[in-house]
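Okay, everybody, thanks for coming. I'll put the model up and then talk through some charged pairs and a sheet.

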Amino acid sequence: MNLSQEEQKQYNRHLILDKIGEEGQLKLKQAKVLVIGAGGLGCPVLQYLTAAGVGTIGIIDDDVVDQSNLQRQVLYTIDDIGKSKSETAANRLSRLNPFVQFHVYKEKLTNQNAVSLFEKYDVIVDGSDNFATRYLTNDAAVLTQKPLVYGAIFKFEGQVSVFNYQGSATYRCLYPTPPKPEESPNCSEIGVLGVLPGIIGSLQANEAIKIICGIGEVLANKLLMYDTLSMRQMILKFQKTDKAEVTELDKDYAFFCGIKIPIHEITLEELQRKLSTYNLLDVRELWEREQHHIGGQHIPLGELAQRYDEINTEKPVVVYCKSGMRSQRAIDFLEEVYENATFINLKNGL
């Protein structure tokens, strides 16, 4: 395999760079990287791996572009709202580098497709935003013996590490058990600094390139922690443990992470047909409600413990949020304080 004249122009700054050169660029061209999530972390990862010339890039994400994404997911524009993230990302990135082949998976990563998907790639980059997917990604990477580049963000802070690299420690070695759902709010509840995923995602792309080219010191058995407010960073070392051994995928990662499967739920279509039958409760933040809502009372999840007695329970109450996650947490709480009321989750949210 050689580089064409156009590719030599495209990658000139790599070709004249020691430790990369033509040999390293050919390694990048031959590499296959799967990026999980095309959101805050996925966008910078995808942009820099595409620009670097990774030959084959897989993108798995079943989400669509929302206006609130644009504050940090700079791969998209306001014209992309409502469009598939994975498909939109691939189309835009192909104009950045026509020498890269993209494979788009407009679906969720599950224990049904993870192993077969991972087997097709050399490196896995995790840009997911929930613990169930992180544990699934880790376990599938271990079973398929693929290095996993990990990144996570929280408000103003981020983390980066590399798991399962040449026998190194895994995500379960660092985090044997997941936090409780109420202890791990997502950015739609607490916000996130817009530039933070750009920083952390770029660091993830850097680790992936180092792995592919065989250069530098990979963040294996190390966790880099970065604070944007103080500009401080530290690297913590951790060890591999036999207790984190993975022999098969878990049957239910949501259950493992303490996420309850809704017993009573209703689709938006069903709700709209029987709207008069129910009272509605919106547990999203005020800015989300101002953008769009379907009526009913509004009590943000964070205020529910102080204001639950305001809820009208004369009819069954349909609780809704963006994705169905916060509303289920609200129902878990409400069912403890109301003995005779009926609460129903809006399936998959708005």
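So, Arg289 and Asp282: their side chains meet in a salt bridge, 3.0 Å from N to O. By salt bridge I mean a side-chain nitrogen of Lys or Arg within 4 Å of a carboxyl oxygen of Asp or Glu. Arg289 is buried, and Asp282 is buried too. The cut-offs there: buried is under 20% relative accessible area, exposed is over 50%, and partly exposed is in between, with a 1.4 Å probe and protein chains only.

Quick word on what you're looking at: it's a predicted model, where local features need pLDDT of at least 70 and side-chain atom pairs count only at pLDDT 80 or more, while totals for chains, interfaces and linings use all residues. Numbering runs from 1 along each chain as its sequence is written, and side-chain values use heavy atoms, with hydrogens and water left out.

How many salt bridges does the structure hold? There are 15. One of them joins Arg92 and Asp80, at 2.6 Å from N to O. Arg92 sits in helix 5, residues 85–96, and Asp80 in the loop between strand 2 (56–60) and that helix, so the pair ties together parts 12 residues apart in sequence. Helices and strands here are DSSP runs, numbered from the N terminus: H or I with at least four residues for helices, E with at least two for strands. Asp80 is buried at 3% relative accessibility, whereas Arg92, at 24%, is partly exposed. And there's a third player, as Asp80, Lys83 and Arg92 are linked in a network of salt bridges.

Another pair is Glu303 with Arg307, where the closest N and O atoms are 2.7 Å apart. Glu303 is partly exposed at 34% relative accessible area, and Arg307 is partly exposed at 24%.

Now the sheet. It's an open one, five strands in the order 9-13-12-10-11, with parallel pairing. Which strands stand at the edges? Strand 9 (265–266) and strand 11 (297–298): each has a single partner strand, so one side of each is left without a neighbour in the sheet. Pairing, by the way, needs DSSP to find at least two bridges between the strands. Strand 9 pairs with strand 13, residues 343–346, in the parallel sense over two bridges, and Glu265 stands opposite Asn345 in strand 13.

Last thing, helix 15, residues 325–337. This helix lies across strand 10 (279–282), strand 12 (317–320) and strand 13, and runs at about 175° to strand 13. That angle is between N-to-C directions on a 0 to 180 degree scale, with axes fitted to C-alpha atoms, for helices over the stretch in contact, contact being heavy atoms within 4.5 Å.
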